[in-house]
Amino acid sequence: MRPLAFAVALSATTCAPETRALPPCDASSAIESIAKSATVVTIAAVGDVADCDGGKQMAVASIVERMKPDAVLAMGDLAYPDGAIDDFLDCYGPSLGRFRSITRAAPGNHEYHTPHAGAYYAYFCGSSGEPFKGWYSFDVGRWHVVALNSNCGQDLDVVSDVASDFGGCTDGSPQIAWLRADLDAHRGQCTIAMWHHPRWSSSSEGSSHEVDTIFRVVADHGVDIVLNGHAHDYQRFPHLGADGTPSQAGPRVFVVGTGGSSLSSFDDDAHDRSELRDNGSHGALRLELRERSYAWSFAAVDGDPLRDEGEDSCH
Amino acid sequence: MSLIASVLLLASETAVQSAAAEGRWDASLRAGYGYMFTTGVSSLGTGGGPSMGYVFRSHVRLELAALWSYGETVRASNATLAYRSSYSSMHATAGVGYELAIGPFRFTPGARLGGLYVDGSTVVGPTKVHDEKWFPMIGPSLLFVVRIGRAEFGVDGESFFLPTWVASPVCGVYATGGYRV
């Protein structure tokens, strides 16, 4: 076969790529329209959501809808298996995607199955982190929220130099420098920090030592709540200090990897620091953020048994 | 002597006789499809390239091969934002196998070692990242050809493990056609 004919045949076998339609980028964010004077704000928090190979994301979305949240915090691994644009549009979109205009997300490791998590940044129109960095902050009512990129290169299923996209998670990195400055600028404000990989977890996915610096900075700056995903289960921790031991000065930590993907096992009992843990229920965490306090309740999908609720105060 | 041993002995004798009569060098072209697991944008897909090999009297076959893959392009956009991610690749391998012959049929199970070069870019709005990356690769292969005179036609299958991209194995199946001298 002549070279030109071969090239034509080769290109003909590969269809021209279809351009998928992204949802529109909102001109103004519904989250930013929440008045800073608002004394009560309702948040739905969840990670590890839409599994294109079958999952409970539609049931979780119904639960979130019932909460009537002012904002949705999504802690990564939002569209399985690969965080591709098709995964977001076809699986995340019909479920938690209905809350896209009030969602702020942090990237998970499955987002990085797609080069540079490009589909994640495109789907959220850059409102969940500047491409390709992934860290940012915003206010919701009187509370401050920081979102971080915890893909520090430790996962086996990502290209080994993902961290080079944004400089990693160690002291001296741009993200950590930004985090310190941002938390310093918002001292005195009730604060939530969210990222994907939990520093402490007794789940089969294990604890993530590579986010140790992130956790230490967060703990040292008096952050009130840490929200994580990655572990496909629910774990509620007490206030933890920078070294992971109970300390009222540190944040209360929640792992809420119950957004729809299959649940995982607890096989690291030696590192269980939780007050409560459960791997039998899908659902989302409802946070009611008040002026200087908050209330939490885990809302399980219909038929799943977990119930957990409580109240606490800001530092 | 067992039936299996008899078949193997006959095949190897046939291969030796064929090799002596028809030469041991072979050259071919491959075309087919490669698949990359656990990735949202594959740098394999449709591809093709040349291969050449030499079969020793011991039936050991050494080969060198190169393959260019068209890869994949993903696009999505709305009125204000465009996303495009496009990657292609080339891989070159050296392989060793053992040629088993049964009449005109040649089976060569083996292993290949080489490198995968991925080239491409991802664009989200005004922000673009260009990538050029090398990955070492190692894995098994299976070549099956039918000999018609000095011409050979068949199927070449390969599967690779990329040590620096642990959970993303790749595999490919290619039609092959060539000539043995």
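Start by selecting Trp25(B), which sits in strand β1 of chain B, a strand that covers residues 25-36. The model on the screen is predicted. Trp25(B) is partly exposed, because its relative accessibility of 47% falls between the limits of 20% and 50%.

**Stop 1: a patch on chain B**

Keep Trp25(B) selected and add Met52(B), Leu64(B), Tyr179(B) and Val181(B). Together these residues make a nonpolar surface patch of about 540 Å².

**Stop 2: chain B as a whole**

Now select chain B and colour the chain by secondary structure. What does chain B contain in the way of helices and strands? There are 1 helix and 9 strands. Following the sequence, the helix is written at the start of the pattern and the strands come after: α-β-β-β-β-β-β-β-β-β.

Chain B has 181 residues, and 48% of them count as buried. The chain exposes about 8,300 Å², with 72% of that area supplied by carbon and sulfur atoms. Consider next the contacts in chain B between residues at least 6 apart in sequence: 59% of these join residues at least 24 apart.

**Stop 3: where the two chains meet**

Show chain A beside chain B. On the side of chain A, 33 residues are in contact with 30 residues of chain B. The two chains bury about 2,500 Å² between them, and 67% of this is on carbon and sulfur atoms.

How many salt bridges are counted between chain A and chain B? The count is 0. Polar contacts are found across this interface, in 8 residue pairs with both residues at pLDDT 80 or more.

To see which parts of chain A take part, select α1 (3-13), β1 (19-21) and α4 (118-123) of chain A. Each of them supplies at least two residues of the side that touches chain B. The element that gives the most is α4(A), with 4 residues.

**Stop 4: the loop before α4 of chain A**

Stay in chain A and step back along the sequence to the loop between β6 (103-105) and α4, where His116(A) lies. His116(A) has a positive phi of about 60° although it is not a glycine. With a relative accessible area of 8%, His116(A) is under the 20% limit and is therefore buried.

Tyr112(A) is found in the loop between β6 and α4 as well. Is Tyr112(A) buried or exposed? Its relative accessibility is 3%, so Tyr112(A) counts as buried. Now select His196(A) too: 84 residues separate His196(A) from Tyr112(A) along the chain, and their C-alpha atoms are separated by 12 Å.

**Stop 5: backbone details in chain A**

Select Asp48(A), in the loop between β2 (41-46) and β3 (50-51) of chain A. The phi of Asp48(A) is near 60°, a positive value in a residue other than glycine. Asp48(A) counts as buried, because its relative accessibility is 0%.

Next, look at the peptide bond between Tyr80(A) and Pro81(A), which is cis, with omega about 0°. Pro81(A) is placed in the loop between β5 (79-80) and α3 (85-92). A cis peptide bond, again with omega about 0°, joins Pro131(A) and Phe132(A). Phe132(A) is in the loop between α4 and β7 (136-140).

**Stop 6: Arg199(A) and its contacts**

Move to Arg199(A), in the loop between β9 and α6 of chain A. Arg199(A) counts as buried because its relative accessibility is 8%.

Show the side chains here. The side chain of Arg199(A) makes a polar contact with the side chain of Asp212(A) at 2.9 Å, and another with the side chain of His209(A) at 3.4 Å. Leaving aside neighbours within four places in sequence, the residues in contact with Arg199(A) include Ser207(A), Val211(A), Phe215(A) and Asn228(A).

**Stop 7: helix α6 of chain A**

Finish with helix α6 of chain A, residues 212-220. Why is this helix described as largely enclosed by the rest of the structure? The reason is that 7 of its 9 residues are buried. Select these: Asp212(A), Thr213(A), Ile214(A), Phe215(A), Val217(A), Val218(A) and Ala219(A).

Then show what the buried residues of α6(A) pack against: α5 (174-185), β9 (191-194), β10 (225-228) and β12 (252-256) of chain A. The last selection is Gly222(A), which follows α6(A) and has a positive phi near 70°.

Terms used: Residues numbered from 1 in each chain as written. Chains lettered and ligands numbered in written order. Heavy atoms only, no water. Patch = residues over 30% accessible without salt bridge, like charges linked within 9 Å, V, L, I, M, F, W, Y side chains within 5 Å. Areas by Shrake-Rupley, 256 points an atom, 1.4 Å probe, with all protein chains shown as cover. Salt bridge = Lys/Arg side-chain N within 4 Å of Asp/Glu carboxyl O. Buried < 20%, exposed > 50% of the residue type's maximum accessible area, 1.4 Å probe, protein only. Contact = heavy atoms within 4.5 Å. Buried area = accessible area lost by both parts, 1.4 Å probe. Polar contact = N/O pair within 3.5 Å; in protein donor to acceptor, adjacent residues only side chain to side chain.
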